[in-house]
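Trainee: Could you go through this one with me? I'd like to start with a cysteine and then jump around a bit.

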Amino acid sequence: MTDHLLSGVEPDPAGDAGHLDAPPRTGFFTDTSVCIGCKACEVACKEWNAIPEDGLSLTGMSYDNTQGLGASTWRHVAFIEQSPPTAEGRTELPLADAPETGSDGQGGDLRWLMASDVCKHCTHAACLDVCPTGSLFRTEFGTVVVQEDICNGCGYCVPACPYGVIEQRPSDGRAFKCTMCYDRLGAGQEPACAKACPTESIQFGPLDELRERAALRVDQLHAAGVTDARLYGHEPTDGVGGDGAFFLLLDEPEVYGLPPDPVVTTRDLPAMWKHAGGAALSLLGGAALSFAVPALKHLARNTGRKGWR
């Protein structure tokens, strides 16, 4: 157990949540360099978890029809279409064949970055910390799950999430997000999205093994000249203590709509409570003095009169 329960390195979140003899922490490693944008993960997630449809409207900016994670989209495949700038160091991948000259008479080089996003199942999950009903809990696998039959729809978890993942469903106000198919894990199966991924872009397993696999994959890409390849969310010393779902990206996190430096939103609560406690003691002290000083003056005045007599 760490000294600071709300931030910092946390080697055993399941054990610290009270799960004795918990299995190795499991999670997702999403290798976006092999994602083909088929959306099989989105479909499998919806089918297994009986998630309602959330519309088929294209954004007008890409082939993305789900637009982002939400109460009815627990897996989201982002499509990022880029015209790589001429700046040095920009990774150029043969992901899309395009004519050398576009219809506007300018360079037509394109690349698509595709990534299947999901709840990060943070080591320090602020959504869980602020939940007043216990609807959110840490499982024996180290994941974070919402119990929809206990959620009272207060919505505290929504602004607490540094990734903007969890959301209330407008139809009933309750909050929903990825459970990493907790029911399947309990049966010894992998989550539906990982099972359906045809390219193994989504890999599931013990986090320690996934981190080793991810490091090797980054080395392979760097050796192949893809120098922008990097891991995101794997570092246990980051602002959320590392994620249970981490990614191999081919560009900056912001390009994929991910915060570059997420921080657990409850990190500063102990310091805030300390300052609030100090302020409360100061107020109590001031109130006590406001009564004590007049009483002492009155006592001194009476004592002085007696002495004069």
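**Cysteines, a cavity and two loop residues**

Mentor: Let's begin with Cys 131, which is buried, at a relative accessible area of 17% (buried means under 20%, exposed over 50% and partly exposed in between, using a 1.4 Å probe and protein chains only). Bear in mind that this is a predicted model, where local features need pLDDT of at least 70, side-chain atom pairs count only at pLDDT 80 or more, and totals for chains, interfaces and linings use all residues. Residues are numbered from 1 along each chain as its sequence is written, and side-chain values use heavy atoms, leaving out hydrogens and water.

Trainee: Got it. How many disulfides does the structure hold?

Mentor: Zero, counting a disulfide as two cysteine sulfur atoms within 2.5 Å. For Cys 131, the nearest cysteine sulfur belongs to Cys 154 and is 6.1 Å away.

Trainee: And what about Cys 41, is that buried or exposed?

Mentor: Cys 41 is buried because its relative accessible area is 6%. Its nearest cysteine sulfur is that of Cys 38, 6.3 Å away, and Cys 41 is in no disulfide.

Trainee: Switching topic: how many cavities of 30 Å³ or more are there?

Mentor: Five. A cavity here is a set of points on a 1 Å grid over the protein atoms alone where a 1.4 Å probe fits but cannot get out, with lining residues having an atom within 4 Å of a point. The largest has a volume of about 100 Å³, volume being the space filled by probe spheres set on the points.

Trainee: Which residues lie nearest the centre of the largest one?

Mentor: Cys 119, Cys 122, Ala 125, Cys 127 and Cys 161, out of 14 lining residues. That lining divides into 11 nonpolar, one polar and two charged residues.

Trainee: Nice. Where does Ser 33 lie?

Mentor: In the loop between β1 (26-31) and α2 (40-49); helices (H or I, at least four residues) and strands (E, at least two) are DSSP runs numbered from the N terminus.

Trainee: What do polar contacts join its side chain to?

Mentor: The side chain of Ser 33 has a polar contact of 2.5 Å with that of Asp 31 and one of 3.0 Å with that of Arg 217. (A polar contact pairs N or O atoms within 3.5 Å, one able to donate a hydrogen and the other to accept it.)

Trainee: Last one: is Leu 20 buried or exposed?

Mentor: Leu 20 is exposed, with a relative accessible area of 75%, and is found in the loop between α1 (13-16) and β1. Its C-alpha atom is 8.3 Å from that of Glu 140, 120 residues apart along the chain.

Notes. 1 Å grid on protein atoms, 1.4 Å probe; cavity = no way out; pocket = protein on both sides within 12 Å on 5 of 7 lines; lining within 4 Å. Nonpolar A, V, L, I, M, F, W, Y, C, P; charged D, E, K, R; others polar.
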